Amino acid sequence: MPSIRDHTERVYRVAHQSSAAVISPVAASWRRCMTLHGLAPEEARAPWRLSDAEFRQARENAGTLIAEAAGELDRLFATVGKAGCCLLLTDGKGVALERRGAGGDDADFRGIGLWSGTVWSEASVGTNGIGTAIADERPVLIHRGQHFLSRNIGLSCATAPIRDESGRLAAAIDISTCRDDASEATLSILSQAVRDAAARIEATLFRRAFVGARIVLVPVDRAGPALLAVDRDDLVLGATRAARLWLGLDDERIADGVPASDLLEGELSAEREELPDAERAALRRALSRAKGNVSMAADLLGISRATLYRKMKRLSLN
């Protein structure tokens with residue numbers, strides 16, 4: 001572990017190199033800390049702490065997240081807790097909402113500020129797992145001297161962001177350790193564990209947001225759960241971030257109505273549909289593809305405009 005003086009000198013040197021931020025996300029974060037947040041690596045600053053009222057409000061705002069993530073936090077802590085690690089679940093601003101830690105390690109983690117109610121944004125404590133994962137919107141591993149503040153160079157953090165049902169960053173989950181013998185290989189394992197946990201929480205939040213919809217797994221090789229929520233007529237109601245990126249979806253396109261079978265080149269359900277439901281779904285898909293133009297939709301279906309109007313009236317699609 002570098003000395004505080006050596007670390008401070010290195011941060012100033014690297015952050016002021018014009019090419020460093022281009023090649024290194026850590027160097028880019030160090031530069032943000034100095035130029036955007038006005039921090040200095042030698043500062044003996046602890047993370048901001050919310051008042052009791054502010055903390056209660058933050059937890060209330062994140063009630064669904066906390067409830068859905070609790071089981072995953074417990075399972076993950078059961079795996080890594082005995083290895084001298086603590087877990088934090090934060091909101092999208094880096095506020096630590098939930099914590100898991102062993103009693104024997106509490107003094108070390110409380111001294112650093114890894115405790116409920118603290119704020120681990122970059123603006124608060126510089127480069128760190130939580131704050132940098134939120135700033136970059138990607139999983140990060142910040143090992144010892146990669147932290148910005150000299151007081152945190154004994155800490156190693158593996159963090160992954162969690163996105164909401166619209167694909168927007170909503171939270172982060174972090175594993176941190178103060179152990180001197182935490183190797184990069186061990187941290188890589190912890191990093192994968194935290195990314196897997198984040199993906200499961202994200203999928204759970206997505207399913208909760210679209211209760212009653214059919215949830216379809218998009219077969220893609222991409223980080224994060226690639227899921228679609230589809231209604232009974234095959235129209236997409238929602239999509240996770242990974243599915244949006246892979247399929248070129250955004251809020252506007254989803255709101256306009258897009259058939260899932262168009263996106264995936266085939267019908268998604270092998271289940272038999274009742275005839276009225278199947279007909280209704282076919283009409284809605286055609287109208288969606290025609291952007292609501294009845295004449296165009298009729299042409300797509302190979303029927304007359306008048307026939308399409310009769311079918312729409314019978315199936316309450318007017």
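How much of the chain over residues 73-201 is helix and how much is strand, and how far apart are the end C-alpha atoms? In this predicted model, residues 73-201 are 35% helix and 27% strand, and the C-alpha atoms at the two ends of that stretch are 9 Å apart. The stretch is the one that UniProt lists, in an unreviewed entry, as "domain: GAF".

**Domains**

The domain assignment of the protein gives domain 1 as residues 4-207, domain 2 as residues 212-265 and domain 3 as residues 275-315. Between domain 1 and domain 3, the C-alpha centres are separated by 52 Å.

**Helix H3 and Ser29**

Helix H3 covers residues 25-35 and includes Ser29. At the N-terminal end of H3, Ser24 acts as a cap, with a side-chain oxygen 3.2 Å from the backbone nitrogen of Val26. The buried residues of H3 are Val26, Ala27, Ala28, Ser29, Trp30, Cys33 and Met34. In an α-helix there are 3.6 residues a turn, so residues three or four places apart point the same way.

Ser29 counts as buried because its relative accessible area is 0%, and its side chain makes a polar contact of 2.5 Å with the side chain of Thr127. When residues up to four places away in sequence are not counted, Ser29 touches Glu122, Thr127 and Thr132.

**Nonpolar cores**

The largest nonpolar core has 30 residues, and those with the most contacts inside this core are Leu65, Ile162, Ile173 and Ile175. The elements that give two or more residues to this core are helix H5 (63-80), strand E2 (85-91), strand E6 (156-163), strand E7 (169-177) and helix H9 (184-209), and the largest share, eight residues, comes from H9. Ile173, leaving aside its neighbours within four places in sequence, is in contact with a set of residues that includes Leu73, Leu76, Leu88, Ala158, Ile162, Val194, Ala198 and Ile201. Apart from this core lies another, of 28 residues, and among them are Cys33, Ile142, Leu149 and Leu155.

**Cysteines**

How many disulfides does the model hold? The count comes to zero. Cys33 is not bonded to Cys157, which has the closest cysteine sulfur, because the two sulfurs are 13 Å apart, too far for a bond. Cys157 is likewise in no disulfide, and the nearest cysteine sulfur to it, that of Cys86, is 8.3 Å away. Burial of these cysteines is set beside that of two further residues in the table.

| Residue | Relative accessible area | State |
|---|---|---|
| Ser29 | 0% | buried |
| Cys33 | 0% | buried |
| Cys157 | 3% | buried |
| Gly38 | 58% | exposed |

**The loop after H3**

Is Gly38 buried or exposed? Gly38 is exposed, because its relative accessible area of 58% is over the 50% cut-off. Gly38 sits in the loop between H3 and strand E1 (48-49), and, leaving aside its neighbours within four places in sequence, Gly38 is in contact with Cys33 and Glu43. The former of these partners, Cys33, is buried at 0% relative accessibility and belongs to the core of 28 residues. Leu149, which is also among the residues of that core, is 111 residues from Gly38 in sequence, whereas the distance in space from C-alpha to C-alpha is 12 Å.

Terms used
Residues are numbered from 1 along each chain as its sequence is written. This is a predicted model: local features need pLDDT of at least 70, side-chain atom pairs count only at pLDDT 80 or more; totals for chains, interfaces and linings use all residues. Side-chain values use heavy atoms; hydrogens and water are left out. UniProt positions are given in the numbering used here, feature names are shortened, and annotations may be inferred rather than shown by experiment. Helices (H or I, at least four residues) and strands (E, at least two) are DSSP runs, numbered from the N terminus. Buried means under 20% relative accessible area, exposed over 50%, partly exposed in between (1.4 Å probe, protein chains only). A polar contact is a pair of N or O atoms within 3.5 Å; within protein, one must be able to donate a hydrogen and the other to accept it, and residues adjacent in sequence count only if both atoms are side-chain atoms. Contact means heavy atoms within 4.5 Å. Domain bounds come from an automatic or database domain assignment. A nonpolar core is a set of buried Ala, Val, Leu, Ile, Met, Phe, Trp, Tyr and Cys residues joined through side-chain atoms within 4.5 Å. A disulfide is a pair of cysteine sulfur atoms within 2.5 Å.
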